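Good morning, everyone, and thank you for making the time. Please have the sequence and the structure open in front of you while I talk.

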Amino acid sequence: MIKDVFYDVVVIGGGHAGCEAAAASARLGVNTALFTHKIETIGEMSCNPAIGGLGKGHLVREIDALDGLMGEVADKSGIQFKLLNRSRGPAVRGPRTQSDRSLYKKYMQEKLLNYCNLNVFSDPVIKFIFEKNSVNGFVTQSGKKISCSKLILTTGTFLNGLIHIGEEKTPAGRFNEKPTTGLSEQLEKFNFTIGRLKTGTPPRLDSRTINYENLEVQHADTEPYFFSFLTIKNINKQVSCKMTYTNEKVHKIISKNIKLSAMYSGSIKGIGPRYCPSIEDKVFKFSNKQRHQIFLEPEGLKDNTIYPNGISTSLPAEIQYEICRNINGLEHVKILRPGYAIEYDYVDPRELFLTLETKKIKNLYLAGQINGTTGYEEAAAQGLIAGINAAQSVKRSEPFILDRSDAYIGVMIDDLVTKGVAEPYRMFTSRAEYRLSLRADNADLRLTQKGINIGLVTNNRFEIYKKKFDDLDKLNKLMDNLDISPTKVAKFGVNIAKDGVKRSAEQILSQKDVKMAKIREIWPNIPFKSKEIDEQLEIKAHYCGYLTKQSADILAFKKDENLKIPEGVNYDILSGLSNEVKSKFKKIRPKTMGQALRIDGITPAAAYILLSHVKRKSIKSIA
């Protein structure tokens, strides 16, 4: 029985955002609690049983670099590791793994339920307790009143969630789980902008009823690329996925029944994710395509459930059967659970500061799909930042803010709070201006020291990071002090201009197709530390010119970014600004000139007017 108690930080929700938020807050040494509907569903993979991908994999590596949970848990539950874009440049390679759904949940629960400074309760929250414009507690379903300094809301798709299968509507946060109700309405009283978004999931299939003969095979990588910098080896059997396709007959069935889809009948008002469309959307919007691929992904090593990635749908169950049984390999398939669309409430993320605290209610933080994002990885990254900042605020320490040049996490949060969302936000490498610097392979070198500085990183990770940093530093210095003439290096098969000028080992490494193995052939005294360290040395050398230019770009960016805008700017008195621009500035309240420039619809002329005002205010304050 929970007594009426006080916690420094309370997290509501046990999904990916909630797990990272609670763990981050607890790691920073403050008294933390997590409240959720059911303890047994903590870490549930509500949709596809996979972690990572392009852009998303970068987020997971960054979460791990800051000692978060997702990377380690994904590695422990991974049953098909793949590095996407392996043949392309390092900036756009994305780690991904198919996970065993039950193992992921098991390992996440083991981590959280044994975390220091963290208590976990199965008792849904039904009402906030406000004092003026500040939240200081809540009431649970069991009638308990809990007080707290900071509250982090991570409700995922549960906030007034509504499942659609054809014309059937079922209030739910996900399949067979009740939604969270009443909280949106409380936020609306504070004039929060609340909208509806939609996502969907495909039917689940029985693998024992699928004919896998003649289907394309997608193998796991022979050398797994892990998410966590702590992972040494794979612990699970690796499996293959099979691939099949829709066809003309399937497209005709969908077109004939399109009005029965919740998305096309008018039942759903929320906007769905453009980059993860339903099969109805694919057929309707891309009518020139004769087929669409479907990845048949196993949900676990001891699970007969198959996730058919590519046919998310809200058509009636009987139509889903008709579709599946006209697909190659699925002619006799059994559907274990129909696909569905789910509609849920979200808060306009422009209501948030970069710390993810709300502007209208003090001490309230939002993270995950409630902020208009889609995906486990985006949610987890927000949870991490919200948890850090809530704990930092309790400790009266500086907020922890990553900017666009620091991390993909910084890109995502800046996009959300500056631009808002018109559709569920998904991370891609193309969203990052400095992606050559923000690679998956160097996430620890970029971020772990920042975590160490605020006490977020535990001893084990600190030691591993320190050794890697020291090893790299020693090797870089050693290679700077080794040189060779063009004539001598030609004997090793490396041809450079015969100008008599000696080149350092790093300069030789920068030549096309030269790897560290060749460098050690030339200089046997260069020690081998690890494959990861060799990778860092090779990338640094091969992309030296580009990285130097990007460093200059980042310095220029920070010059604008670091120009602070005073807290109480009265935008109404700035002559020359349109009412629309004034309204945007007042809504978002940018903290820096860099953020102001990124607001949609802000012209260079409007930014110049604001810049002139800020500089005048700065001169007056100095005088």
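I will speak about one pair of helices, then about a pocket, and finally about the cavities.

Please keep in mind throughout that this is a predicted model.

Let me begin with the helices. Two packed helices are described by the angle between their axes and the distance between the axes. Here, helix H3, which covers residues 70-77, packs with helix H4, residues 101-113, at an angle of about 140°, and their axes are 8 Å apart. Since an angle over 145 degrees would be needed to count as roughly antiparallel, H3 and H4 are therefore called oblique to each other. Their crossing, if you look at its hand, is right-handed. On the H3 side the contact is made by Met70, Glu72, Val73, Ala74, Lys76 and Ser77, while H4 brings in Leu103, Tyr104, Tyr107, Met108 and Lys111. Sorted by class, this contact between H3 and H4 has seven nonpolar residues, one polar residue and three charged ones.

Now to the pocket, which is the second largest in the model and has a volume of about 1,200 Å³. It is lined by 39 residues, and those closest to its centre are Tyr225, Lys531, Glu532, Ile533 and Glu535. Which helix gives the most to this lining? That is H17, with eight residues, and H17 spans 531-542. Helix H12 (443-453) and helix H13 (459-480) also each supply at least two residues of the lining of this second largest pocket. When we divide its lining by class, we find 14 nonpolar, six polar and 19 charged residues.

Last come the cavities, and here the count is two, taking those of 30 Å³ or more. The largest cavity holds about 40 Å³ of space, and its lining consists of Asn476, Met479, Asp480, Glu506, Leu509, Leu537, Lys540 and Ala541. We meet H13 and H17 again at this point, for these two helices and helix H15 (505-509) each supply at least two residues of the lining of the largest cavity. By class, that lining divides into four nonpolar, one polar and three charged residues.

The second largest cavity has a volume of about 30 Å³. Around the second largest cavity you will find Leu352, Phe353, Leu354, Lys359, Val417, Ile588, Arg589, Pro590, Lys591 and Gln595, and by class this lining has six nonpolar residues, one polar residue and three charged residues.

Thank you for listening.

How values were computed
Residues are numbered from 1 along each chain as its sequence is written. This is a predicted model: local features need pLDDT of at least 70, side-chain atom pairs count only at pLDDT 80 or more; totals for chains, interfaces and linings use all residues. Side-chain values use heavy atoms; hydrogens and water are left out. Axes are lines fitted to C-alpha atoms, for helices over the stretch in contact, and angles run from 0 to 180 degrees between N-to-C directions. Helices (H or I, at least four residues) and strands (E, at least two) are DSSP runs, numbered from the N terminus. Angles under 35 degrees count as roughly parallel, over 145 as roughly antiparallel, 65 to 115 as roughly perpendicular and the rest as oblique. A crossing is left-handed if the near helix is turned anticlockwise from the far one by less than a right angle, and right-handed if clockwise. Contact means heavy atoms within 4.5 Å. Ala, Val, Leu, Ile, Met, Phe, Trp, Tyr, Cys and Pro count as nonpolar, Asp, Glu, Lys and Arg as charged, and the others, Gly among them, as polar. On a 1 Å grid over the protein atoms alone, a cavity is a set of points where a 1.4 Å probe fits but cannot get out, and a pocket is an open set with protein on both sides within 12 Å along at least five of seven lines; lining residues have an atom within 4 Å of a point. Grid points are joined across faces, edges and corners, and a volume is the space filled by probe spheres set on the points.
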